[in-house]
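Student: I would like to practise reading a fold, from its overall layout down to a single side chain. Can we take it step by step?

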Amino acid sequence: MIGMEIDLTLIGMEKGMQYETIITTTDEKNIPNAAPIGVLCSGRDMILNRIFKGRHTLENIISQREFTVNITHDPELFTLSTIGNLPSDYFSNDNSIKGADAYFKCEVISLKEAVKQSDPIRKKGEAIVIKSKVTDMVIRREVKAFNRAFSCVIETLANFTRFDLVDETKKQYYLSRFTECSRVVNKVGGKEEKQAMGEIKKELIKKGYE
């Protein structure tokens, strides 16, 4: 589907929530690059990214002022673009990823240095917040952008079902995972995921664990 209305809700992106995507960029020599980057939906045709300095993606975005956001659930694409770069034959002529379910083009509106004090990475002045406008969208097949808060809820529930079957050492490990998953859900999740984690926390408190 090409030349369609630009509306991020068509691929399941809701305002105020963050989604896991693969961003593709090019440098001055038109060499493509792919990297998994979280995307915060800030409107029907607006997004925000927070990218740390030293990444090729950020360097390319700053120099080219444009990039492509690819929507996929393919673990191979996420893995290859994390541990290295996608082979050149994975890229389409318009620099989208051939196997992506959908993608949209973005133009940079503003760049601003910012680091959250609550972030696990606390080096000041090393992150750039990028505000961009979606200029084109292509949906190859029905898809909903992936929000990892749901995965955190499922992991926590799996651990919870084993909680009464393990020793205290393992219980403490599960509690530490609950803490980390709660952090992620509070950061990128929606109302439903946050409510689910709240219900799990109540059950853990009943078992004597704060």
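Student: How many helices and strands does the protein have?

Tutor: This is a predicted model, so keep that in mind throughout. The protein has five helices and six strands. Along the sequence they follow the pattern β-β-β-α-β-α-β-β-α-α-α. The C-alpha trace spans about 60 × 40 × 30 Å along its principal axes.

Student: How do I read the pairing of the strands, parallel or antiparallel?

Tutor: Start with the general idea. Strands of a sheet pair through backbone hydrogen bonds, either parallel or antiparallel. Here the pairing is antiparallel, and six strands close into a barrel. Follow the order β1-β2-β3-β6-β5-β4 around that barrel. Ignoring direction, neighbouring strands of this sheet are turned by 45° against each other on average.

Student: Take β5 and β6 as a case. How many bridges join them?

Tutor: Eleven bridges, in the antiparallel sense. Strand β5 covers residues 102-113, and strand β6 covers residues 127-139. To check the register, find valine 108: its bridge partner in β6 is serine 132.

Student: Which strands does helix α1 lie across?

Tutor: Helix α1, residues 56-64, lies across β1, β2, β3, β4, β5 and β6. Its angle to β1 is about 65°.

Student: Now the interior. How many cavities of 30 Å³ or more does the structure hold?

Tutor: The general idea is a rolling probe. Rolling a probe the size of a water molecule over the atoms shows where empty space is left. In this structure there is one cavity of 30 Å³ or more. The largest cavity contains about 80 Å³ of space.

Student: Which residues line the largest cavity?

Tutor: Its lining consists of Thr156, Asn159, Phe160, Phe163, Tyr174, Leu175, Arg177, Phe178, Ile200 and Leu204. Three elements give two or more residues each: α3 (148-162), α4 (168-188) and α5 (191-206). Helix α4 gives the most, with four residues. By class, the lining has seven nonpolar, two polar and one charged residues.

Student: Pick one lining residue, threonine 156. Is threonine 156 buried or exposed?

Tutor: Buried means under 20% relative accessible area. Threonine 156 has 5% relative accessibility, so it counts as buried. This threonine lies in helix α3.

Student: What does threonine 156 touch, leaving out residues up to four places away in sequence?

Tutor: Threonine 156 touches Phe178, Cys181, Met197 and Ile200. Two of these names, Phe178 and Ile200, also appear in the cavity lining.

Student: And for the whole protein, what share of the residues counts as buried?

Tutor: Of the 210 residues, 43% count as buried. Look at contacts too. Among those between residues at least 6 apart in sequence, 69% join residues at least 24 apart.

Methods:
Residues numbered from 1 in each chain as written. Predicted model: local features only at pLDDT ≥ 70, side-chain atom pairs only at ≥ 80, totals over all residues. Heavy atoms only, no water. 1 Å grid on protein atoms, 1.4 Å probe; cavity = no way out; pocket = protein on both sides within 12 Å on 5 of 7 lines; lining within 4 Å. Points joined across faces, edges and corners; volume = space filled by probe spheres on them. Nonpolar A, V, L, I, M, F, W, Y, C, P; charged D, E, K, R; others polar. Buried < 20%, exposed > 50% of the residue type's maximum accessible area, 1.4 Å probe, protein only. Contact = heavy atoms within 4.5 Å. Pairing = 2+ DSSP bridges. Axes fitted to C-alpha atoms, helices over the stretch in contact; angles between N-to-C directions.
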